[in-house]
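Student: Please take a close look at the nonpolar core of this protein. Which elements build it, and how do they sit relative to each other?

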Amino acid sequence: GRTKSSEALALFQQCREELDVTHALYRENKVSEAQRRIQIAQRLFQQAGKLRHKKGAARLVEEDQLDAEE
């Protein structure tokens, strides 16, 4: 909700929709499909985060690098 980028907002919305689908799949015990869909949601979230704004995008890249090192 803090982003002003319409592209990022659209990606965040798609991510939320994927999470809803994922939740339903887990409830139906369709675990392998749910796992695939959660990965899609993760990629959408990461893409949206990088579009938020230039300062935030740089911070997210730094955080991604720190996470990869751990």
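Tutor: What follows starts with the whole chain and then turns to the core. This is a predicted model, in which local features need pLDDT of at least 70, side-chain atom pairs count only at pLDDT 80 or more, and totals for chains, interfaces and linings use all residues. Residues are numbered from 1 along each chain as its sequence is written, and side-chain values use heavy atoms, with hydrogens and water left out.

The protein has 3 helices and 0 strands, where helices (H or I, at least four residues) and strands (E, at least two) are DSSP runs numbered from the N terminus. Of its 70 residues, 27% are buried, that is, under 20% relative accessible area with a 1.4 Å probe, protein chains only.

The largest nonpolar core consists of 7 residues: A8, L11, F12, C15, A41, L44 and A48. Such a core is a set of buried Ala, Val, Leu, Ile, Met, Phe, Trp, Tyr and Cys residues joined through side-chain atoms within 4.5 Å. Two or more residues come from each of α1 (6-27) and α2 (31-51), and α1 gives the most, with 4 residues.

One member, A41, is in contact (heavy atoms within 4.5 Å) with C15, E18 and L19, leaving aside its neighbours within four places in sequence.

The axes of α1 and α2, lines fitted to C-alpha atoms over the stretch in contact, with angles from 0 to 180 degrees between N-to-C directions, come within 8 Å and cross at roughly 165 degrees. The two helices α1 and α2 are therefore roughly antiparallel, a term for angles over 145 degrees.

How values were computed. Buried < 20%, exposed > 50% of the residue type's maximum accessible area, 1.4 Å probe, protein only. Parallel < 35°, antiparallel > 145°, perpendicular 65-115°, else oblique.
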